[in-house]
Amino acid sequence: MESIEIKGKSRNSTLLIGEKFENIGKYLPRKPIYIITDSNILKFYEKDFPNGKSYIINPGEESKKLSRIEDIYRWMLNNDANRGCFVLGIGGGVVCDIAGFVATTYLRGVEFGFVSTSLLSQVDASVGGKNGVNLDGYKNIIGTFSQPRFVLCETQMLRTLPREELSNGFAEMVKHAIISSKKLFGELENDCKSLLSLTEPQATWHITESVKVKARIVESDERESGLRKLLNFGHTWGHAVEKSTGMPHGKAVSIGMEMACRLSMKKGFISSDTYLRITNLLKSFGLPIRTNLNFKTVFEAMLKDKKRNSNSIDFILIKDIGSPVIEKISIAELQQLTLKND
Ligand code: ADP
Ligand code: ZN
């Protein structure tokens with residue numbers, strides 16, 4: 001088990017990587033516990049739940065809406081939750097987003113922690129203190145910044161996670177390696193098979209390393225001004241793909257990373273060997289790198305995206321594996337560089 005401290009502006013957060021869910025009691029304060037979880041998690045892990053009241057949401061992004069939040073506030077009120085209560089989210093990104101948002105707004109904020117059960121939420125969503133819900137088709141536009149007291153990540157809980165969901169997490173792990181370290185990228189190549197089968201000790205080691213990459217970036221830039229932009233590698237195009245096709249996040253980001261690498265290659269930043277090395281690793285994790293996209297629709301979705309400022313888009317490219325750069329690319333150039341899908 002490895003414990004990583006993240007220093008946030010308002011408070012610190014402890015990431016417990018490789019800790020067992022059955023040990024959750026060690027980390028909970030002596031306070032009434034209000035658990036928020038989804039029905040899949042309940043089915044598999046209810047026996048290990050700590051004492052407390054539980055609110056069960058339907059699995060999936062559909063639950064991330066204000067009407068659900070309102071219902072949870074009411075449930076808390078009706079169950080006498082006061083400032084001295086503790087909210088525990090047990091689940092993937094959706095549950096943690098909802099739990100974090102409820103906890104930071106109910107009575108202007110009560111303490112909270114997460115048991116992060118999907119790979120995507122372990123290596124990505126639970127680090128960084130962001131939470132939020134969707135509104136009118138816009139993802140995460142209502143939310144707050146606030147660090148949970150702890151995030152417990154048990155690798156072996158990922159065994160019950162559907163394969164598709166596991167791939168989503170691998171996409172972010174590959175991203176973390178690409179933007180931070182050639183060495184870590186090489187280790188991912190070596191351990192790909194062990195990771196796919198969640199073999200220990202490789203699985204926990206890689207999750208820990210991946211979390212550390214995000215934690216270091218978030219710590220130095222809690223409010224997303226400079227460095228944190230690097231985490232958007234593959235996401236500018238990826239979000240547009242996700243939005244226009246409804247594809248799962250990780251798959252869309254994989255396609256976005258391929259695009260960012262292709263742009264990097266066309267600009268002469270990386271060789272075709274490096275491009276192939278990256279796309280091969282994505283493929284080994286079962287991730288797509290190309291699909292039959294309606295290019296025009298994706299392009300328009302990207303232009304609508306919030307990261308656009310005037311006539312250019314900040315694109316994260318790479319000069320090498322481990323060396324990301326933020327490049328302002330004009331819309332015209334982008335269109336020219338990407339239109340021919342070759
Ligand atoms: P994210 O990928 O952002 O974490 P979700 O919270 O929606 O998104 O989780 C993805 C799906 O996987 C949901 O249906 C959720 O119920 C399910 N899930 C999450 N963790 C586990 C787990 N450890 N075992 C089985 N299913 C899980
Ligand atoms: Zn992402």
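User: In this predicted model, which residues does Lys64 touch, not counting those up to four places away in sequence?

Analyst: Let's skip the neighbours up to four places away in sequence and see who is left. The list then reads Val94, Asp97, Ile98, Gly132, Val133, Asn134 and Asn140.

User: And where is Lys64 placed?

Analyst: Look for strand S4 (53–57) and then helix H2 (66–78). Lys64 sits in the loop between S4 and H2.

User: Is Lys64 buried or exposed?

Analyst: Its relative accessible area is 4%. Buried means under 20%, so with 4% Lys64 counts as buried.

User: Zooming out, how much area do domain 1 and domain 2 bury between them?

Analyst: First, get the two parts straight: the domain assignment gives domain 1 (2–160) and domain 2 (163–199 + 224–338). The contact takes 13 residues from domain 1 and 15 residues from domain 2. Of the area they bury, 59% is on carbon and sulfur atoms. The total is about 1,200 Å².

User: Which element supplies the largest share of the side of domain 1 that touches domain 2?

Analyst: Helix H4 (119–125) and strand S8 (138–142) each supply at least two residues of that side. The largest share is four residues, and it comes from H4.

User: What is the distance between the closest N and O atoms in the salt bridge of Glu242 with Lys139?

Analyst: The count between domain 1 and domain 2 is one salt bridge. A salt bridge needs a Lys or Arg side-chain nitrogen within 4 Å of an Asp or Glu carboxyl oxygen. For Glu242 and Lys139, the closest N and O atoms are apart by 2.9 Å.

Notes
Residues are numbered from 1 along each chain as its sequence is written. Chains are lettered from A and ligands numbered from 1 in the order in which they are written. This is a predicted model: local features need pLDDT of at least 70, side-chain atom pairs count only at pLDDT 80 or more; totals for chains, interfaces and linings use all residues. Side-chain values use heavy atoms; hydrogens and water are left out. Buried means under 20% relative accessible area, exposed over 50%, partly exposed in between (1.4 Å probe, protein chains only). Contact means heavy atoms within 4.5 Å. Domain bounds come from an automatic or database domain assignment. Buried area is the accessible area (1.4 Å probe) that two parts lose on being put together, summed over both.
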